[in-house]
There are 2 protein chains.
Amino acid sequence: MAREMVRQGGRSARIQSEVHRTVRDMLKTMDRGAITVPMIAEKSGVTPSTIYRRWGDLSELLADVAVARMRPVADPEDTGAMGSDLETFILQYAEEMSSKVGRSMLADVLGSIEGAAAGRCCQFTYDHLETLRERALTRGEKAFDVSEAIDAVIAPIIYHILFRDRELTIDYCRSLVSRFLEKCAGA
Amino acid sequence: MAREMVRQGGRSARIQSEVHRTVRDMLKTMDRGAITVPMIAEKSGVTPSTIYRRWGDLSELLADVAVARMRPVADPEDTGAMGSDLETFILQYAEEMSSKVGRSMLADVLGSIEGAAAGRCCQFTYDHLETLRERALTRGEKAFDVSEAIDAVIAPIIYHILFRDRELTIDYCRSLVSRFLEKCAGA
């Protein structure tokens, strides 16, 4: 029984990795609107029903692939002080998320009705900010509050990426960070 | 020639209104993921190619229908003072956008790759805030800045609706408004 479960786990993991790889490859060369579950199934060597059973529908699968690509590979850079740590992280975050690939991953993550992908995606951001906060505390700095950083800095960046109502210039992102840090210092 | 153009305009407007009505009806009874362009075309009495020519693809059509539904029918309520005007507007905005219908419209608007629908959608919010600002100026109050209201109040609300990382309680929304108004008063 245990062996059977392991074997199932192995097969299940192989299907996941193969389907993810197929979707990533297709996204490189095809228009997202042209991708269908039967096409993904054929290229991955599984049946469409395997995909529907596992992911529900195409938007859930695209969201799952996008979150897997967004998973961070390293901690945010340690620049020696909280202010520069946060600014460095935010400038990189804004650049990545507003890039063509970033926008497309964000659209896929938010396109899932289930919403689990969105939660996993924003957890990466919370984790990074928490790392910066703990680093600041270790240094003896007055650390910012993670939820407040989300509201004051991350939320406006995401809003402007999604609604395209203002350009995300470096100066604008810097001003979000500096106003937030001033407020933290004064609070 | 002029008559021909008018006739075209009339036909074009009728197609738009019929297709929009069909999509709204289908969204009431069907799962969004199950709706296809050929189904919409059949129920609207047009050909699929008419829909593709006009809207590009399904996600652009869904975004167009969502924006049309979001178009405000009235100015925000005049409560006699800027602070209560803003709070009233924000509480209603948060309630509408976080409802099931609001979330679904938001997803449709943001699902468009073109992004024109997102711009039109957030323009409604800018217009409402501008109305409140002008009303405050007319009353001789120290008025808030619209872009700052977007960053400090609207962006966090939309972020939490999309990423579901915190509940949008009335107290939380009120605190966003009151902290923003304090900052405006102090600035």
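I started with Lys183(A) and found it in helix α9 of chain A. By helix I mean a DSSP run of H or I with at least four residues, and by strand a run of E with at least two, numbered from the N terminus.

Before going on, I noted the ground rules. This is a predicted model, where local features need pLDDT of at least 70 and side-chain atom pairs count only at pLDDT 80 or more, while totals for chains, interfaces and linings use all residues. Residues are numbered from 1 along each chain as its sequence is written, chains are lettered from A in the order in which they are written, and side-chain values use heavy atoms, with hydrogens and water left out.

Next I looked at chain A as a whole. I counted 9 helices and 0 strands, so to speak a run of α-α-α-α-α-α-α-α-α from the N terminus on. Its C-alpha atoms fill a box of roughly 60 × 45 × 25 Å along the principal axes.Then I laid chain A on chain B: a turn of 180° and a shift of 0.0 Å along the axis give an RMSD of 0.0 Å. That is the relation of a two-fold axis. The fit is by least squares on the C-alpha atoms of residues with pLDDT of at least 70 in both copies. In chain A, the residue that comes closest to the rotation axis is Ala155(A), with its C-alpha at 2.6 Å. I also checked the interface (contact means heavy atoms within 4.5 Å): 100% of the interface residues of chain A are interface residues in chain B too, so the copies meet through the same surface.

Back to Lys183(A): I found it in a positive surface patch with Arg166(A), Arg179(A), Arg166(B), Arg179(B) and Lys183(B). Patch residues have over 30% relative accessible area and no salt bridge, with like charges joined within 9 Å. The areas are Shrake-Rupley values with a 1.4 Å probe. Helix α9 (170–186) of chain A and α9 (170–186) of chain B each supply at least two residues of the patch.

Last, I looked up salt bridges (a side-chain nitrogen of Lys or Arg within 4 Å of a carboxyl oxygen of Asp or Glu) and got 22 over all chains. One of them joins Lys28(A) and Asp25(A), with the closest N and O atoms 3.6 Å apart. The two are 3 residues apart in helix α1 (residues 2–29) of chain A, so about one helical turn separates them.

Methods:
Patches are made of residues with over 30% relative accessible area and no salt bridge: like charges are joined within 9 Å, nonpolar side chains (Val, Leu, Ile, Met, Phe, Trp, Tyr) within 5 Å. Lys and Arg count as positive and Asp and Glu as negative; His and the chain ends are not counted. The place of a charge is taken as NZ of Lys, CZ of Arg, CG of Asp or CD of Glu.
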